[in-house]
Amino acid sequence: MNEHALVTVTLEEPMVAGKNPRADSRQDSHDHIPGSVLRGALAAVWLREHGTGANTSPEFERIFEGEGSFGPLHYASSKPVPLSMLTHKYEPTDECHTLWWDRARGEKASYCPVDNCASPLEESKGQPYDEVPSIDRTMVALSTEGVALDGSLYSQRAVQDGLLLRGWVHGDAVRALYPEGTAVDSLLLGSRRSLRGEATVEVDTEAVPEPVELYGEEVVLRLAAPGAFVDEFGMPSATPDPEELSEQLGVSQVEIIDSWTRWEEAGGWHAASGLPKPVERVVAAGSTYRVKCVELPTETARRRLMARGIGLRRREGFGALYRCEPPWGIGAWTSKVAPLKRSRRLLPAFRKRLEELRKGVPDDDRFHKALRDGGFEEDYAEAFRTMLRIDDVKLYEQLLDFLEKP
Ligand SMILES: [Zn+2]
């Protein structure tokens with residue numbers, strides 16, 4: 001069994017992954033698939049195959065309750081803006097090249113330096129990168145026995161179907177992806193029995209995780225999910241354990257020299273007992289750490305750490321990591337794509353691609369074929385390729401608007 005696997009999920013139906021249930025009529029929902037939801041769905045398949053009695057077997061405990069990691073599944077715009085980022089308080093102008101300033105890389109400013117903008121900058125709160133495609137569903141409230149309650153309608157936000165989400169599974173948890181020996185190819189995802197979203201699943205054991213970011217001798221770790229850390233007395237800690245980091249990075253010593261974090265509370269549900277877990281203090285997704293290493297960690301160790309994550313409760317998706325390249329403003333791109341303004345012929349196809357990009361699945365074969373068939377002038381072809389390289393939905397849409405403007 002490989003040490004890690006990249007899991008890609010395509011939602012065939014809208015999915016509701018409820019956050020902690022609330023008393024009012026609106027239940028808030030996650031905008032991605034938390035690791036705990038992926039793990040719950042895989043455990044359900046496992047028990048269907050092996051019988052419900054299997055949940056006390058040593059194998060089940062090793063896979064689902066052990067040291068492995070079930071990372072969250074994200075798409076580009078559901079990832080959190082790292083807490084180390086300073087972002088535009090007001091909408092950036094078309095002239096702004098820089099949109100975010102990353103304090104984890106020593107970038108600092110109070111205002112955007114572009115004269116026509118001069119927007120004050122504000123600290124990220126870990127909000128998603130961009131608007132998340134979702135739909136509202138109106139539901140009938142059910143009693144605890146599963147009977148519809150008269151007149152109890154409520155609305156619930158669901159993650160839109162058609163989206164493609166990705167994340168890593170690491171260690172003993174990889175075995176969970178093979179409930180019957182072969183890789184699982186579909187799952188019912190969601191935290192409510194009445195509202196499970198069907199999804200197709202692809203398991204890739206050849207995929208290589210990107211390494212965690214390294215700048216000189218300093219590693220920057222960013223949390224794609226909340227992080228659960230404790231200090232030497234077992235009390236909640238806002239920072240990861242340096243010993244865990246040095247061991248996982250394969251260096252003799254590390255020092256956490258800076259951090260950008262925010263506390264929040266995490267509950268959870270203990271499936272075996274059917275009881276809620278006690279609420280715990282954790283740090284929010286988007287929390288960022290700058291870690292000085294005595295020796296240079298190898299690229300292999302940095303890739304491994306990316307798939308594994310850090311801290312406690314990794315099997316529930318806590319402590320998952322990601323890289324973040326701050327997006328460039330449209331001002332940095334318009335001159336690069338401007339040659340496409342010479343002919344409007346391709347614009348309808350580029351517009352169609354926007355919808356596919358929103359769902360994370362652009363089909364670029366026809367574009368690559370058009371490029372190969374050629375006949376384009378070199379600057380036009382290069383601008384064409386630039387458009388295809390952009391996977392940031394918001395930026396792509398802004399550039400399209402720019403190109404469509406007469
Ligand atoms: Zn600006």
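Here are some numbered notes on this predicted model, meant for someone opening it for the first time.

1. A good place to begin is helix α1, which covers residues 35–50. With 16 residues at 1.5 Å each, the helix should span 22 Å, and its end C-alpha atoms are indeed 22 Å apart, so expectation and model agree. Right after α1 comes Gly51, with a positive phi near 90 degrees.

2. Which residues of α1 are buried? The list runs Gly35, Val37, Leu38, Arg39, Ala41, Leu42, Ala43, Val45, Trp46 and Leu47. An arginine, Arg39, is one of them, in case you want to pick it out on screen. As for what these buried residues pack against, look for α2 (58–64), β2 (69–70), β8 (164–170) and β9 (186–189).

3. Between β8 and β9 there is a loop, and Val174 is found in it. Val174 has a relative accessible area of 1%, which is under the 20% cut-off, so it counts as buried. If you'd like a sense of scale, the C-alpha atoms of Val174 and Pro133 are 29 Å apart, with their positions 41 residues apart along the chain.

4. Next, Val203, which sits in strand β10 (residues 197–204). Its relative accessibility is 22%, so Val203 counts as partly exposed. Setting aside neighbours within four places in sequence, Val203 touches Ala5, Leu6, Leu177, Tyr178, Ala183 and Val184. Its C-alpha atom is 41 Å from that of Ser343, a residue 140 places away along the chain.

5. The loop between β4 (100–102) and β5 (121–123) deserves a look, starting with Ala118. Most residues other than glycine have a negative phi. Ala118 has a positive one, near 55 degrees. At 37% relative accessibility, Ala118 is partly exposed.

6. Ala109 also lies in the loop between β4 and β5. Ala109 comes out as partly exposed, with a relative accessibility of 29%. What does Ala109 contact, leaving aside its neighbours within four places in sequence? The partners are Leu86, Trp101 and Leu121. There is also a C-alpha separation of 9.9 Å between Ala109 and Thr87, which are 22 residues apart along the chain.

7. Another positive phi in a residue other than glycine turns up at Arg313, again near 55 degrees. Arg313 is in the loop between α4 (299–308) and β21 (321–322). Is Arg313 buried or exposed? Its relative accessibility is 13%, so Arg313 counts as buried.

8. Now for a pair of helices: α6 (residues 347–358) and α9 (residues 393–404). Two packed helices are described by the angle between their axes and the distance between the axes. Here the axes come within 10 Å and cross at roughly 165 degrees. That is over 145 degrees, so α6 is roughly antiparallel to α9. The crossing of α6 and α9 is left-handed.

9. Who makes that contact? From α6 it is Leu347, Phe350, Arg351, Arg353, Leu354, Leu357 and Arg358. From α9 it is Val393, Tyr396, Glu397, Leu400, Asp401, Leu403 and Glu404. Sorted by type, the residues of the contact are eight nonpolar and six charged, with no polar ones. On the charged side, α6 brings arginines, including Arg351, while α9 brings acidic residues, among them Glu397 and Asp401.

10. While you have α6 in view, find Pro348, which is part of that helix. Pro348 has a relative accessible area of 56%, over the 50% cut-off, so it is exposed. Its C-alpha atom lies 39 Å from that of Ala320, although the two residues are 28 places apart along the chain.

11. Last comes helix α8, residues 378–389. Its twelve residues at 1.5 Å each should span 16 Å, and the end C-alpha atoms are 17 Å apart, which agrees. Buried in α8 are Tyr380, Ala381, Ala383, Phe384, Thr386, Met387 and Leu388. What covers the buried residues of α8? The cover includes α5 (334–337), α6, α7 (365–373) and α9. So the pair from point 8, α6 and α9, shows up again here as part of the cover over α8.

Methods: Residues numbered from 1 in each chain as written. Predicted model: local features only at pLDDT ≥ 70, side-chain atom pairs only at ≥ 80, totals over all residues. Heavy atoms only, no water. Axes fitted to C-alpha atoms, helices over the stretch in contact; angles between N-to-C directions. Helix = DSSP H or I, 4+ residues; strand = E, 2+ residues; numbered from the N terminus. Parallel < 35°, antiparallel > 145°, perpendicular 65-115°, else oblique. Left-handed = near helix turned anticlockwise from the far one by under 90°. Contact = heavy atoms within 4.5 Å. Nonpolar A, V, L, I, M, F, W, Y, C, P; charged D, E, K, R; others polar. Expected span 1.5 Å × (residues − 1). Buried < 20%, exposed > 50% of the residue type's maximum accessible area, 1.4 Å probe, protein only.
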